[in-house]
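Colleague: Could you take one part of this model and go through it closely, explaining how its elements fit together? Please give the cut-off behind each term where it is used.

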Amino acid sequence: MDTIEIPALNRPVDATVEIPGSKSITNRALLVAALAQGDSILENALFSEDSNYFAKCLEQLGIPITLNPDLAQIQIAGKGGEIPAKQADLFVGLAGTAARFISALVALGNGEYRLDGVPRMRERPMGDLLKVLQSSGVTVNFQGNPDFMPYTIYGGQFSGGHFRLKANQTSQQLSALLMIAPYAQQDTIIEVEGTLVSQSYVKMTCKLMADFGVDVNQIGENQFKIPAGQRYQPRHYTIEPDASNASYFFAAAAVTGGRVRVKYLTKQSCQGDILWLNVLEQMGCQIREGDDYTEVTGPEQLQGIDIDMNDISDLVQTLGAIAPFASSPVTIRNVEHIRYKETDRIHAVVTELRRLGVQVEEFADRLKIEPSPITPAAIETYHDHRMAMAFAVTGLKVPGIVIKDPGCTAKTFPDYFTRFFKMLEQ
């Protein structure tokens, strides 16, 4: 459908929900399982556009993969660092993780691999990763703008060595290099130049590598050493629920003064976005944690907050969507890099809040949202799943809010609105 109207609640939400597996962990696990020697099984894997593009690329590269959506299970027959296919045309859609991780993976192959994506993917940063691959002996030919898709990678011997990498726009390029580094000819040292954004995702990468048997030595904040000769071990691996996607359900409790329990997700999660719970706590919510769940209870009135969200930047839209209901201004800082995501997320949030009549200021790396009455409107989503999911929460408080292109949530959460409305019926 082209649009979906959100039913406003005249009561607090009171629900227990389950969230599909983490996109970030699923796509990292797909890569390391493909590099392992032997069969791995991923439980509670995410089945979405992003993970499906990734799985299709692995299949085209000659790595056997069996998908079982009904059981949320994926089986991968890893090839021990070899890429069986000598040629492949690989399409990644708008999946940034697939774009960066597959580009790194084919550098290990001995063949010709062409990568491309949708028009917006052709605008997303790839150059810093490709420069490192080129400096290590890999040939890259660009078919359009240098440093952007489409391009062809001629895989060969990824030599490893000492590299300097910029990671001020995305941490995914660093994660991609970390995960292939054990298969280099020599030890790899990656030194991050300047600011490293989204550090929690790099920690997630290192933890997942360790879970599959590979060690990363981190020296200080910005230097990583990966000894060559290590190999990932195949294993049976259960993926956590997606903490980023859980944020919308927790936010529903926050804005309605209600209660939402998310099963199988706790503060011990390896995902940085579990820190959303701390944000809600600062805004007046109560957090309750059990062995296999986390529960948020919202206050009568949310409090404003001034917060650096560099490390949890996928949640900027979630906070932006509930900020008008706070008792004082909400300022979100240090997130310039989200302008290079599925859309320019700072500008998109500002534009849609203004469409709703909210007073908001836009800066290069931040935004400030004032408490404001909401005028119902149809929300543009810019082909960005997080715009649709976040502003659905706003609609719980104000009748008449419509989400355009709700199907864009298929990128990471295909049945989001089914689960969202089910939450409201409890």
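Modeller: I379 stands opposite I403 in β23, and this pair is a convenient place to start. The model is predicted, so local features need pLDDT of at least 70 and side-chain atom pairs count only at pLDDT 80 or more, while totals for chains, interfaces and linings use all residues. Residues are numbered from 1 along each chain as its sequence is written, and side-chain values use heavy atoms, leaving out hydrogens and water.

β22 and β23 (residues 402–404) are joined by two bridges in the parallel sense. Strands are DSSP runs of E with at least two residues, helices are runs of H or I with at least four, and both are numbered from the N terminus. Two strands are said to pair if DSSP finds at least two bridges between them. The pair belongs to an open sheet of three strands, ordered β1-β23-β22, in which the pairing is mixed. β1 (3–5) and β22 are the edge strands, each pairing on one side only.

β22 (378–379) also serves as one of the partners of helix α10: the buried residues of this helix pack against β22, α9 (316–322), β20 (360–362), β21 (367–369) and α11 (385–394). Which residues of α10 are buried? Within α10 (residues 345–355), they are R345, I346, A348, V349, V350, E352 and L353. Buried denotes under 20% relative accessible area, exposed over 50%, and partly exposed the range in between, with a 1.4 Å probe and protein chains only. The list thus includes the charged residues R345 and E352 as well as nonpolar ones such as V349 and L353. Just after the helix, G357 adopts a positive phi of about 90 degrees.

Of the partners of α10, helix α11 can be described in detail. The axes of α10 and α11 come within 11 Å and cross at roughly 35 degrees; axes are lines fitted to C-alpha atoms over the helical stretch in contact, and angles run from 0 to 180 degrees between N-to-C directions. From α10, the contact (heavy atoms within 4.5 Å) is made by R345, A348, V349, E352 and L353, and from α11 by H385, R386, M387 and F391. R345, A348, V349, E352 and L353 also appear among the buried residues of α10. By class, the contact of α10 with α11 has five nonpolar, one polar and three charged residues.

A second helix pair offers a parallel description. Helix α1 (residues 23–35) and helix α5 (residues 172–180) pack at an angle of about 20 degrees, with axes 10 Å apart. R28, L31, V32 and L35 of α1 meet S175, M179 and I180 of α5. Here the classes are five nonpolar, one polar and one charged.

Strand β3 (residues 37–43) runs antiparallel to β5 (residues 73–79), to which seven bridges join it; I41 stands opposite Q75 in this pairing. β5 also pairs with β4 (residues 65–68), in the antiparallel sense and over four bridges, and there L67 stands opposite I74. β4 and β5 form a hairpin with four residues between them, and A72 in the turn has a positive phi of about 50 degrees.

Finally, a loop residue: T266 lies between β15 (259–263) and α8 (276–282). At 14% relative accessibility, T266 counts as buried. Apart from neighbours within four places in sequence, T266 is in contact with I274, E289, G290, D291, D292, Y293 and T294.
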